[in-house]
Amino acid sequence: MAIIVTSNLSKKFKDLLAVDNVSLEVEEGECFGLLGPNGAGKTSLIRMITAVSPPLSGDIGVAGIDLRSHPRQVKAMLGIVPQIDNLDEDLTVLQNLTTFARYFGIPKAVAHTRGCELLRLLRLEEKSSGRIKELSGGMRRLLLIARGLVNQPRIAILDEPTVGLDPQTRHLVWQQLTELKAQGVTQLLCTQNMEEAAVLCDRVAVMHRGRILSLDSPQALIARHVGETVLEVAVTSANRERVVRELTTHGIDFLDVGNTVKVLGVNREQLPATLLGTAEELRLRPATLEDVFFRLTGKTLEGEEEE
Ligand SMILES: Nc1ncnc2c1ncn2[C@@H]1O[C@H](COP(=O)(O)OP(=O)(O)O)[C@@H](O)[C@H]1O
Ligand SMILES: [Mg+2]
């Protein structure tokens, strides 16, 4: 069953169409990813779904409830981890959770127990009575995640939850989100990190300039747009023209990415012998969602999209 349904959703900032006619359905219990670079429109889309900003046009339904007419009922179902840190600096770490829980009408004792448990799971318990300004950037992000879960939401909406985290802490968050999914909580996750999308998401919408370009499971997206493997040929200004010409002559599908030419969906044996015969630097690796994005847009996920 679809638990979030958006129909023809658009958002405009002056002349900029930040979200362009997006229709999607998030199934109950799945982790649904929005993958796209800075400026793709992920946050604008999320802010409409969480009733923070009104759409220019289109409809949003959550668990069968129309968001426009019943925003409070919808919000009660959501746990929101915003991209921008808006922790309360005047409160302690634990108070940030318990105070937030009060907005959902959660009794004090329950809020306290849940808050402590979340701090334990996210390895923040030692900071429990500390002030927000004592936290590192990574700890603040962990606390934002904890706060988004304190109301035990039916749907968790996470906007780039692991940005700026070190790899070990990122894995801790991934582990907790995997656990959350096992408990049946639906997740809508924005990310620029293709590994994050591949590890966590059941389905991924590839987003670019306000639009969804393709939508499927990570494996299906890779199979459809790229193929199983990518062969990277390191090129220099001296040999790039020849490499590109040879591939073109042999009708081999490739992407030209600056210092590298990516040959999609073929293995070493299928390459022209003349290319292999030279001292070209070759690397065969599994295809990724980054390749999918590059295939669809000619751009990298790290690329800025500000106009
Ligand atoms: N409040 C705003 N006012 C004007 N432009 C905005 C505002 N919020 C976002 N934008 C623009 O809308 C586009 C999409 O931004 P955003 O939704 O934040 O993308 P993402 O979250 O994918 O990085 C960008 O070009 C951004 O500059
Ligand atoms: Mg964003």
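**Two sheets, a covered helix and a ligand**

In this predicted model, V62 has its bridge partner in strand β5, and that partner is I65. The bridge belongs to a short piece of pairing: β4, which covers residues 57-62, and β5 are joined by two bridges and run antiparallel. As a bit of background, the strands of a sheet pair through backbone hydrogen bonds, and they can do this in a parallel or an antiparallel way.

Zooming out from that spot, β4 and β5 turn out to sit in an open sheet of four strands, ordered β2-β1-β4-β5. The pairing in this sheet is antiparallel. Strands β2 (16-27) and β5 (65-66) are at the edges, and because each has a single partner strand, one side of each has no neighbour in the sheet.

Helix α1, made of residues 42-49, lies across three strands of this sheet: β1 (2-13), β2 and β4. The helix runs at about 120° to β1. So how covered is α1? Eight of its eight residues are buried. The list reads K42, T43, S44, L45, I46, R47, M48 and I49. Helices in general have a simple rhythm: with 3.6 residues a turn in an α-helix, residues three or four places apart point the same way. Just past the end of α1, A51 takes a positive phi of about 60°.

Some of these α1 residues show up again around ligand 1. The ligand has 13 residues around it, and those that come nearest are F13, A18, K42, T43 and S44. Two elements, β2 and α1, give two or more residues each to this shell. Which of them gives the most? That would be α1, with three residues. Sorted by character, the shell holds four nonpolar, six polar and three charged residues.

The other sheet to look at is an open one with six strands, and its order is β6-β7-β8-β3-β9-β10. Here the pairing is mixed. The edges are taken by β6 (78-81) and β10 (211-216), each of which pairs on one side only. Going from one strand to the next, the twist averages 15°.

At the β10 end of this sheet, β9 (residues 203-208) and β10 run antiparallel and are joined by five bridges. One residue pair can be picked out: A205 has L215, in β10, as its bridge partner. Helix α8, residues 218-225, packs on the sheet and touches both β9 and β10. The direction of α8 makes about 105° with that of β10. Another helix, α11 (residues 289-297), lies across β3 (31-35), β9 and β10. With β9, α11 makes an angle of about 40°.

Now for the whole protein. There are 11 helices and 14 strands in it, and its C-alpha atoms fill a box of roughly 75 × 45 × 35 Å along the principal axes. Of its 307 residues, 36% count as buried. How much of the contact network links residues far along the chain? Among contacts with a separation of 6 or more, 69% come from residues 24 or more positions apart.

The protein is divided into two domains, with domain 1 covering 2-222 and domain 2 covering 228-286. Taken over C-alpha atoms, the centres of these domains are separated by 40 Å.

How values were computed
Residues numbered from 1 in each chain as written. Chains lettered and ligands numbered in written order. Predicted model: local features only at pLDDT ≥ 70, side-chain atom pairs only at ≥ 80, totals over all residues. Pairing = 2+ DSSP bridges. Axes fitted to C-alpha atoms, helices over the stretch in contact; angles between N-to-C directions. Contact = placed C-beta atoms within 7 Å. Buried ≥ 20, exposed ≤ 12 C-beta atoms within 10 Å, placed from the backbone. Near = placed C-beta within 6 Å. Nonpolar A, V, L, I, M, F, W, Y, C, P; charged D, E, K, R; others polar. Domains from an automatic or database assignment.
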